[in-house]
Amino acid sequence: MSSTHTKTQRKCQTCGAPLYIRRDITESETGLGRVDIMLVCRDEACTQPVRHLRTEHPQPA
């Protein structure tokens, strides 16, 4: 699994700290991939540090 991080202008609804978007890329043995899009709070002490936005299933090339 690999991950990428992107800064965003959004603020955490719980603590007000800036958020970034994390894309977790998972590929199965059959070659089918999945990308989980998460909002991650930059404050490690936040009570809700990660929120799942959506899951994408890119088509194989």
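Colleague: How many disulfides does the count come to by this rule?

Modeller: Zero. A disulfide here is a pair of cysteine sulfur atoms within 2.5 Å. This is a predicted model, where local features need pLDDT of at least 70, side-chain atom pairs count only at pLDDT 80 or more, and totals for chains, interfaces and linings use all residues. Side-chain values use heavy atoms, without hydrogens or water, and residues are numbered from 1 along each chain as its sequence is written.

Colleague: What makes Cys 12 a cysteine in no disulfide?

Modeller: The nearest cysteine sulfur, that of Cys 46, is 3.7 Å away. The rule asks for a pair within 2.5 Å, so Cys 12 is in no disulfide.

Colleague: And what keeps Cys 15 out of the count?

Modeller: Its nearest cysteine sulfur belongs to Cys 41, 3.6 Å away. Set against the 2.5 Å rule, Cys 15 is therefore in no disulfide.

Colleague: Why does Cys 12 count as buried or exposed, whichever applies?

Modeller: Buried means under 20% relative accessible area, exposed over 50%, partly exposed in between (1.4 Å probe, protein chains only). Cys 12 has 9% relative accessibility, so it counts as buried.

Colleague: Which class does Cys 15 count in?

Modeller: Partly exposed, because its relative accessibility is 37%. Across the protein chain, buried residues make up 23% of the 61 residues.

Colleague: What elements does the protein chain have?

Modeller: Zero helices and four strands. Both are DSSP runs numbered from the N terminus: helices are H or I with at least four residues, strands E with at least two. The order from the N terminus is β-β-β-β.

Colleague: How do you know that the protein chain is more spread out than a compact globule?

Modeller: The radius of gyration, taken over C-alpha atoms, is set against a globule rule of 2.2 Å times the number of residues to the power 0.38. For 61 residues the rule gives 10 Å; the chain has 13 Å, well over that, so it is more spread out. Its C-alpha atoms fill a box of roughly 40 × 20 × 15 Å along the principal axes.

Colleague: Why are S1 and S2 called paired?

Modeller: Two strands pair if DSSP finds at least two bridges between them. S1 (residues 2-11) and S2 (residues 18-27) have seven, in the antiparallel sense. Ser 2 stands opposite Ile 25 in S2. The two strands form a hairpin with six residues between them, and Gly 16 in the turn has a positive phi of about 85°.

Colleague: What makes S1 and S4 edge strands?

Modeller: The open sheet has the order S1-S2-S3-S4, with antiparallel pairing. S1 and S4 (50-56) each have a single partner strand, so one side of each is left without a neighbour in the sheet.
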